[in-house]
Each structure stands twice: as structure tokens, then as C-alpha cells.
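Please find below my notes on this model, set out as numbered points. They begin with the overall picture and then turn to the core and to some details of the backbone.

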Amino acid sequence: MATSHIVSAFDEELKFLTRRISEMGGLAEQMAGDSVRALISADTALAQKVISDDVILDAAEREIGEKAIVTIAKRQPMASDLREIMGAIRIAGDLERVGDLGKNTAKRVVAVRDTGVPRSLARGLEHLCELAMNQLTDVLDVYATRSAEKANAIRERDDEIDSVYTSLFRELLTYMMEDPRTITTCTHLLFCAKNIERIGDHATNIAETIFYIATGAQPEGERPKEDLSTSVGATGK
């Protein structure tokens, strides 16, 4: 009877971690999407909400970390149970960083509010954001099922985000060369585009963690990469 109670209590602790990760994921996803919407629409009130919500996300990460440490100390889990707990810590860290990247984008809303975001660049940012948000949404769904196959499939999609980011990087450089008056605005947008691309990287990190939780092994091979922005020269080509 005592053993049954211990097992039941341990299951509840694991469910708590899973539930809090899901809640963190929902908030991180909302913050990231809202930050880009605020940027494009010059919505300073929405931007401020994103910045304020970061405190909630930070607190959730600390709570998960503290709960995980206590659970390890009390239960001394092994094998898949230990991977589950360590995975929760890693995923919480990635989601906290997603929130930070959303906050950083939101902080730049005031800087580009007066000049606005050119429509063609806004479309590029929206497309990049859509890809990153799809990546994040899908990986959070996979976390609920712990499917190694689906997690690996998401990992393989990271190069699509990189490719779109590189294209947007070139476009921003072209704007700055053609009209030096846009340099300040475009520099802020470059940082925002990189923030969005990094959100995709964190979603891919989560996919790799899920694969590890499910299999006890790391995914084989290097993740696909198509971020060629470091090779873009002064001509923008």
C-alpha cells in the first residue's frame, strides 16, 4: 500500500512538470507572436504586455527547476523517469529564452514606431514568424505525445526557417544601401528577424530533448542549417 502511494505521488509530480511546461509553452508562444504583431502594427500597449508577461514566464521556469530538483532528491528516479525530469528542466529553459526573444522584439516597437515597417519587410517578418510559430506549436504538441519520430521530423524542418531568415537579411541590407535613411529602422528589424529565427532554434532544441526523453539517445547527425547570413556581403548577394 505504501509503495502504491509513493508511485502515485511520483506520477503526480511528473504530471505537474508536464502541465507547467504546457502552460509555459502557451505563454511563450503568445508572447512571441504578439511581439511581431506589435512591431508591425506599432502597438505599444501590446508590446508592453509582452514585456510584462516575461516576469510570469521567468517565475514558471524557476518553479519547474525547483520542483524537478526536489523530485530528484525525494524519488531518486532512474532511466526514463530521470530523462523525463531532466528534459522538463531543459525545455523550460528553452521556453524561457523564447519569452526573452519575444520581449526583446517588443522593446524595439517604440524605436520603429515613427518610421513604420515597410510593407514588403512586414510580409517577410510575418512569414518568418509564421514558420517559427508553427515549429513551436508543433513541438509542444509532440511533447504531449513524446513521439520520437515526430520530434525528429520537426528537427529536420529547421533549415526552412534559416532559409527565409537569410532572404530577409538580404532584403534588409538592400533597403539600407538604397536609402541610408532607413538604416536605423532596418537595423532594429535585423535584430527582430534574428530573434524570430532563434525562436525556431529553441523549438528545434525542444524537439531534440523530446527525442532524448523518448529514446535515451540523441538524434543522429547534425541538424540541417541554411542560415547563410554570415556569407552575405556588402552587395547583399
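1. In this predicted model, buried residues account for 49% of the 237 residues in the protein. The exposed surface of the protein comes to about 11500 Å², and carbon and sulfur atoms supply 54% of that area.

2. As to secondary structure, the protein has eight helices and zero strands, so that the order of elements from the N terminus reads α-α-α-α-α-α-α-α. The C-alpha trace spans about 75 × 40 × 20 Å along its principal axes.

3. Contacts that link distant parts of the sequence deserve a remark. When one takes the contacts between residues at least 6 apart in sequence, 83% of them join residues that are at least 24 apart.

4. The largest nonpolar core contains 68 residues, and Leu95, Leu136 and Val139 are those with the most contacts inside it. Two or more residues of this core come from each of helix H1 (2–41), helix H2 (44–75), helix H3 (79–107), helix H4 (109–113), helix H5 (119–145), helix H6 (148–155), helix H7 (158–178) and helix H8 (183–215). As general background, nonpolar side chains in soluble globular proteins tend to be buried together.

5. Which residues does Leu95 touch, if those up to four places away in sequence are not counted? The list consists of Ile21, Met24, Gly25, Ala28, Leu57, Leu136, Leu140 and Ile206. Leu136, which appears in this list, is also named with Leu95 among the residues that have the most contacts inside the core.

6. Helix H5 comprises 27 residues and reaches 39 Å from its first C-alpha to its last, which is close to the 39 Å expected at 1.5 Å a residue. Just after H5 comes Arg146, whose place is in the loop between H5 and H6. Although Arg146 is not a glycine, it has a positive phi of about 60 degrees.

7. A second positive phi to inspect is that of Ala79, a residue other than glycine, where the value is near 50 degrees. Ala79 lies in helix H3, and it counts as exposed because its relative accessibility is 54%, whereas the cut-off for exposed is over 50%. For context, most residues other than glycine have a negative phi.

8. Finally, on charge, the protein carries 29 positive and 39 negative charges, and the mean positions of these two sets are 3 Å apart.

Terms used:
Residues are numbered from 1 along each chain as its sequence is written. This is a predicted model: local features need pLDDT of at least 70, side-chain atom pairs count only at pLDDT 80 or more; totals for chains, interfaces and linings use all residues. Side-chain values use heavy atoms; hydrogens and water are left out. A nonpolar core is a set of buried Ala, Val, Leu, Ile, Met, Phe, Trp, Tyr and Cys residues joined through side-chain atoms within 4.5 Å. Buried means under 20% relative accessible area, exposed over 50%, partly exposed in between (1.4 Å probe, protein chains only). Helices (H or I, at least four residues) and strands (E, at least two) are DSSP runs, numbered from the N terminus. Contact means heavy atoms within 4.5 Å. Accessible areas come from the Shrake-Rupley method with a 1.4 Å probe; for residues, only the protein chains shown count as cover. Lys and Arg count as positive and Asp and Glu as negative; His and the chain ends are not counted. The place of a charge is taken as NZ of Lys, CZ of Arg, CG of Asp or CD of Glu. The expected span of a helix is 1.5 Å times one less than its number of residues.
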